[in-house]
Amino acid sequence: MQLWELFVIAVGLSMDAFAVSICKGLSVQRLRWSHALTAGAWFGAFQALMPLAGWLLGTRFEGIITSVDHWVAFVLLVLIGGNMVKESRGACEALDASFAVRAMLPLAVATSIDALAVGVTFAFLGVDILPAVCFIGCTTFVLSAVGVKAGSAFGARFQSRAELFGGVVLIAMGVKILLEHLGALG
């Protein structure tokens, strides 16, 4: 997998966390840098850990489904992307202003479930996982921190666009993987 492809996937995966970060920014009366850094750390860490967990699961089953791995990658990415596109039509959820563990842990897990499936896909594609998860985690950290600041400054205008963009990106990557395997792309 080339660096630009990893970047596109990292940005696509980060869009759920970015959208939630915008909502967190909306919920805070007096925004501090610690709010942005806390959101970035929680979302970035989980977006890095979940693909690693998925990769570990995928490597266990790689030998069993190698002949259909491109179809698995395609289906997973299209399903995740389609769900993100569908969710982009909803409004910004009301979130409390807390950045405590009890508030951030469920949000971090919920926004990173799709990354678990992408990790399985990475196992089937033979992606070097440690640089990939570091890149995804750092990308999510930055976008989440920016999302909190943007939510505080601009409101909910970007939340649905972010999820829509992320979903379209993941669907496009799934189609690309399938077409490359089928020989339609060089």
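This note sets out numbered comments on a predicted model of a single protein chain.

1. Overall composition. The protein chain contains six helices and zero strands. Read from the N terminus, its elements follow the order α-α-α-α-α-α. Of its 186 residues, 47% count as buried. The chain exposes about 9,100 Å², and carbon and sulfur atoms supply 69% of that area.

2. Sequence separation of contacts. Taking contacts between residues at least 6 apart in sequence, 94% join residues at least 24 apart. Several of the residues discussed below provide individual examples, including L31, whose C-alpha atom is 7.7 Å from that of K149 although 118 residues separate the two along the chain.

3. Helix α1. This helix covers residues 3-27. Its 25 residues, at 1.5 Å a residue, should span 36 Å, and the C-alpha atoms at its ends are 35 Å apart, which agrees. A kink of about 40 degrees is nevertheless present in α1, centred on M15. Of the 25 residues of α1, 20 are buried, so the helix is largely enclosed by the rest of the structure.

4. Helix α4. Residues 101-125 make up this helix. The expected span for its 25 residues is 36 Å, and the end C-alpha atoms lie 34 Å apart, which agrees. Here too there is a kink of about 40 degrees, centred on S112. Just after α4, G126 adopts a positive phi of about 70 degrees.

5. M104 in α4. M104 belongs to helix α4. Its relative accessible area is 0%, and it is therefore buried, the cut-off being under 20%. Setting aside residues up to four places away in sequence, M104 touches K24, A39, W42, F43, S98 and F99. For one of these, F43, the C-alpha atom is separated from that of M104 by 8.5 Å, with the two positions 61 residues apart along the chain counted as their separation.

6. The loop between α1 and α2. L31 is located in this loop. With a relative accessibility of 23%, L31 counts as partly exposed. Beyond its neighbours within four places in sequence, L31 is in contact with V148, K149 and S152. Helix α5 comprises residues 129-154, so these three partners of L31 fall within the range of that helix.

7. H35 in α2. H35 is found in helix α2. A relative accessible area of 9% makes H35 buried. Its contacts, not counting residues up to four places away in sequence, are V28, R30, F99 and V148. V148 also appears among the contacts of L31, and F99 among those of M104.

8. L52 in α2. L52 is a further residue of helix α2. Its relative accessible area is 25%, which places L52 in the partly exposed class. Leaving out neighbours within four places in sequence, L52 is in contact with I129 and V133. L52 and V133 lie 81 residues apart in sequence, yet 6.6 Å apart in space from C-alpha to C-alpha.

9. Nonpolar surface patch. W33, L37, F141, V142 and V146 form a nonpolar patch on the surface, and together they have about 500 Å² of accessible area. Helices α2 (33-65) and α5 (129-154) each supply at least two residues of the patch. The largest share, three residues, comes from α5. L37, one of the patch members, lies in α2 and is partly exposed, with a relative accessible area of 45%.

10. V169 in α6. Helix α6 runs over residues 159-182 and contains V169. V169 is buried, its relative accessible area being 11%. Apart from neighbours within four places in sequence, V169 is in contact with V8 and G12. The C-alpha atoms of V169 and A10 are 9.9 Å apart in space, while the two residues are 159 apart in sequence.

11. Summary of the residues examined. H35, M104 and V169 are buried, whereas L31, L37 and L52 are partly exposed. Kinks are reported for α1 at M15 and for α4 at S112.

Definitions and conventions:
Residues numbered from 1 in each chain as written. Predicted model: local features only at pLDDT ≥ 70, side-chain atom pairs only at ≥ 80, totals over all residues. Heavy atoms only, no water. Patch = residues over 30% accessible without salt bridge, like charges linked within 9 Å, V, L, I, M, F, W, Y side chains within 5 Å. Areas by Shrake-Rupley, 256 points an atom, 1.4 Å probe, with all protein chains shown as cover. Salt bridge = Lys/Arg side-chain N within 4 Å of Asp/Glu carboxyl O. Helix = DSSP H or I, 4+ residues; strand = E, 2+ residues; numbered from the N terminus. Buried < 20%, exposed > 50% of the residue type's maximum accessible area, 1.4 Å probe, protein only. Expected span 1.5 Å × (residues − 1). Bend = angle between axes of the 7 residues up to and from the residue. Contact = heavy atoms within 4.5 Å.
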